Amino acid sequence: MKLKITKAGLRLMALLISMPLVLSACRDDFERTLPLAVDQRTLALPSDAGAERLMVYSTSAWTTSFSEERSWIAIRKATGSANGEIVLDYDENRGIARLAKIALRATDSVAIAHARWTISSSGEP
């Protein structure tokens with residue numbers, strides 16, 4: 001039995017042999033960077049007083065602020081640079097449900113990025 005090799009067969013064979021080499025050559029270390037990200041977008045607080053940490057992932061300096069001032073919650077650390085955290089201190093709630101919104105803004109040489117947290121606290125124990 002004689003095996004006949006055609007030009008198309010040789011091309012296919014060369015392609016199959018070279019594919020692993022091409023794919024392995026493209027493996028560069030890649031690190032995804034986001035200008036601004038948070039670990040969670042909503043946070044439900046218990047009725048007892050306490051503190052909560054929220055993670056910020058950023059490639060530049062960032063600031064946080066409440067959309068509207070609230071007397072029952074405070075931001076302990078409102079600014080940072082690169083990855084970090086903010087700490088929220090909040091009062092006990094034995095009354096009606098409460099809501100606060102925190103805006104997060106980061107600027108770098110390319111763009112301005114925004115994120116927002118919605119914080120709720122029910123009065124139920």
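The following exchange walks through a predicted model of one protein chain, in questions and answers.

Colleague: Which cut-offs and numbering apply to this model?
Modeller: Residues are numbered from 1 along each chain as its sequence is written, and side-chain values use heavy atoms, with hydrogens and water left out. Because this is a predicted model, totals for chains, interfaces and linings use all residues, whereas local features need pLDDT of at least 70 and side-chain atom pairs count only at pLDDT 80 or more.

Colleague: How many helices and strands does the protein chain have?
Modeller: Helices (H or I, at least four residues) and strands (E, at least two) are taken as DSSP runs and numbered from the N terminus. Read from that end, the elements run α-β-β-β-β-β-β-β-β-β. The count for the protein chain is therefore one helix and nine strands.

Colleague: What share of the 125 residues in the protein chain is buried?
Modeller: Buried means under 20% relative accessible area, exposed means over 50%, and partly exposed lies in between, with a 1.4 Å probe and protein chains only. By that rule, buried residues make up a share of the 125 residues that comes to 27%.

Colleague: Which strand supplies the largest share of the largest nonpolar core?
Modeller: A nonpolar core is a set of buried Ala, Val, Leu, Ile, Met, Phe, Trp, Tyr and Cys residues joined through side-chain atoms within 4.5 Å, and the largest one here has 19 residues, with Leu 45, Trp 72, Ile 73, Ile 86, Leu 88 and Ile 119 having the most contacts inside it. At least two residues of this core come from each of several strands, among them strand 1 (36–38), strand 3 (50–58), strand 5 (73–75) and strand 7 (84–90). The largest share, four residues, is supplied by strand 8.

Colleague: Which residues is Ile 73 in contact with, leaving aside its neighbours within four places in sequence?
Modeller: Ile 73 is one of the residues with the most contacts inside the largest nonpolar core, and contact here means heavy atoms within 4.5 Å. Once the neighbours within four places in sequence are set aside, the residues in contact with Ile 73 are Leu 45, Phe 66, Leu 88, Asp 89, Tyr 90, Ala 100 and Ile 119.

Colleague: Why is one side of some strands left without a neighbour in the open sheet, and which strands are they?
Modeller: Two strands pair if DSSP finds at least two bridges between them, and the open sheet of four strands has the order 1-3-7-5 with antiparallel pairing. The strands at the edges each have a single partner strand, so one side of each is left without a neighbour in the sheet, and these are strand 1 and strand 5.

Colleague: How many bridges join strand 3 to strand 7?
Modeller: Strand 1 and strand 3 pair in the antiparallel sense over three bridges, and strand 5 and strand 7 likewise pair in the antiparallel sense over three bridges. Between strand 3 and strand 7, Val 56 stands opposite Gly 84, while Met 55 stands opposite Glu 85. These two strands run antiparallel, and the number of bridges joining them is seven.

Colleague: Is strand 7 mostly covered or uncovered, and how many of its residues are buried?
Modeller: Strand 7 pairs with strand 3 and also with strand 5. It is mostly covered, and of its seven residues the number buried is five.

Colleague: How far apart in sequence are the parts tied together by Arg 53 and Glu 85?
Modeller: A salt bridge is a side-chain nitrogen of Lys or Arg within 4 Å of a carboxyl oxygen of Asp or Glu, and Arg 53 forms one with Glu 85, the closest N and O atoms being 3.0 Å apart. Because Arg 53 lies in strand 3 and Glu 85 in strand 7, the pair ties together parts whose separation in sequence is 32 residues.

Colleague: Which residue forms a salt bridge with Arg 76?
Modeller: Arg 76 is exposed, with a relative accessible area of 52%, and its partner counts as partly exposed at 28% relative accessibility. The closest N and O atoms of the pair are 2.6 Å apart, and the partner is Asp 89.

Colleague: Which residues are linked in a network of salt bridges?
Modeller: The structure holds five salt bridges, and one of them joins Arg 94 to Glu 92, with the closest N and O atoms 3.1 Å apart. The residues linked in a network are Asp 48, Glu 92 and Arg 94.
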